[in-house]
Amino acid sequence: LPKICEASEVSALIEQADLPIPNVLRWTFPDDWLRLALRGGEDYELLFTCPPEVYERVQSLFRRCGLRPPVTIGRITTPGKSGPDVVMRRIDLRREVLEPGAFDHFAASSSSATPH
């Protein structure tokens, strides 16, 4: 998401409560599940943006292809004074700017998350 925001010169607000995180991850890693979900690299979820006026059509196409429809996890916003960023609204409604960085399958060492 940070790469999309930077390339498009926009920001994003994501809702922690709407992230599709399996309960088994939360139960297995009670202190680290959110970091693993955001940066772990083994989620295999498709992340994309689309204008609200085409979202219903996207959902229909997913269903027609036999896929689960996409889950809305947030929205694109205008960048702040500091430029494009990704903000997460936590379950307790606090907002937190997420630092760029994610698992990079193409990095020389694939054992850690690297900033992007």
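Reader: In this predicted model, is Ile 14 buried or exposed?
Author: Ile 14 lies in strand E1. Its relative accessible area is 6%. Buried means under 20%, so Ile 14 is buried.

Reader: Which residue is 60 residues from Ile 14 in sequence and 4.0 Å from it in space, C-alpha to C-alpha?
Author: Leave aside neighbours within four places in sequence, and Ile 14 is in contact with Leu 1, Ile 73, Gly 74, Val 86, Val 87, Met 88, Arg 89 and Leu 98. One of these partners fits the 60-residue separation and the 4.0 Å distance. That residue is Gly 74.

Reader: Which residues touch the most other members of the largest nonpolar core?
Author: In soluble globular proteins, nonpolar side chains tend to be buried together. Here the largest nonpolar core has 13 residues. Strand E1 (11-15), helix H3 (33-39) and E3 each supply at least two of them. The residues that touch the most other members are Ile 14, Leu 19, Ile 21, Leu 34 and Met 88.

Reader: What pattern does the protein follow along the sequence?
Author: The protein has 4 helices and 6 strands. Read along the sequence, they give α-β-α-α-α-β-β-β-β-β.

Reader: What share of contacts between residues at least 6 apart joins residues at least 24 apart?
Author: Ile 14 and Gly 74 are one pair with a wide separation in sequence, 60 residues. For the protein, the count takes contacts between residues at least 6 apart in sequence. The share that joins residues at least 24 apart is 55%.

Reader: How much of the accessible surface belongs to carbon and sulfur atoms?
Author: Buried residues make up 23% of the 116 residues. The accessible surface comes to about 8600 Å². The part that belongs to carbon and sulfur atoms is 56%.

Reader: Which residues of H4 are buried, and where do they sit around the axis?
Author: The buried residues of H4 are Val 54, Val 58 and Gln 59. They cover an arc of only 155 degrees around the axis, so they sit on the same side of H4.

Reader: Which exposed residues does the opposite face of H4 carry?
Author: Helix H4 spans residues 52-64 and has 13 residues. From first C-alpha to last, H4 reaches 19 Å, close to the expected 18 Å. The face turned away from the buried side carries the exposed residues Glu 53, Glu 56, Arg 57 and Arg 64.

Reader: Which residues does Gln 59 contact, leaving aside neighbours within four places in sequence?
Author: Gln 59 is in helix H4. Its C-alpha is separated by 9.1 Å from that of Val 71, 12 residues apart along the chain. With the sequence neighbours left aside, the contacts of Gln 59 are Pro 69 and Pro 70.

Reader: Which side chain joins that of Asp 85 in a polar contact of 3.0 Å?
Author: Asp 85 lies in the loop between strand E2 (74-77) and E3. At a relative accessible area of 19%, Asp 85 is buried, because the cut-off is under 20%. Not counting residues up to four places away, Asp 85 touches Cys 5, Val 10, Ser 11, Ala 12 and Val 97. The polar contact of 3.0 Å is with the side chain of Ser 11.

Reader: What is the C-alpha separation of Asp 85 and Pro 2?
Author: These two residues are 83 residues apart along the chain. Their C-alpha atoms are separated by 6.6 Å.

Reader: Which side chain makes a polar contact with that of Arg 90?
Author: Arg 90 is in the loop between strand E3 (86-89) and strand E4 (95-98). Arg 90 is partly exposed, at 21% relative accessible area. Not counting residues up to four places away, Arg 90 touches Gln 16, Leu 34 and Glu 96. The polar contact, at 2.6 Å, is with the side chain of Glu 96.

Reader: Is Leu 93 buried or exposed?
Author: Leu 93 lies in the loop between E3 and E4. Its phi is positive, about 75 degrees, although it is not a glycine. Exposed means over 50%; at 63% relative accessibility, Leu 93 is therefore exposed.

Reader: What is the phi of Glu 9?
Author: Glu 9 is found in the loop between helix H1 (2-8) and E1. At 60% relative accessibility, Glu 9 counts as exposed. Its phi is positive in a residue other than glycine, near 55 degrees.

Conventions. Residues numbered from 1 in each chain as written. Predicted model: local features only at pLDDT ≥ 70, side-chain atom pairs only at ≥ 80, totals over all residues. Heavy atoms only, no water. Helix = DSSP H or I, 4+ residues; strand = E, 2+ residues; numbered from the N terminus. Buried < 20%, exposed > 50% of the residue type's maximum accessible area, 1.4 Å probe, protein only. Contact = heavy atoms within 4.5 Å. Polar contact = N/O pair within 3.5 Å; in protein donor to acceptor, adjacent residues only side chain to side chain. Expected span 1.5 Å × (residues − 1). Arc of directions from axis to C-beta. Areas by Shrake-Rupley, 256 points an atom, 1.4 Å probe, with all protein chains shown as cover. Core = buried A, V, L, I, M, F, W, Y, C linked by side-chain atoms within 4.5 Å.
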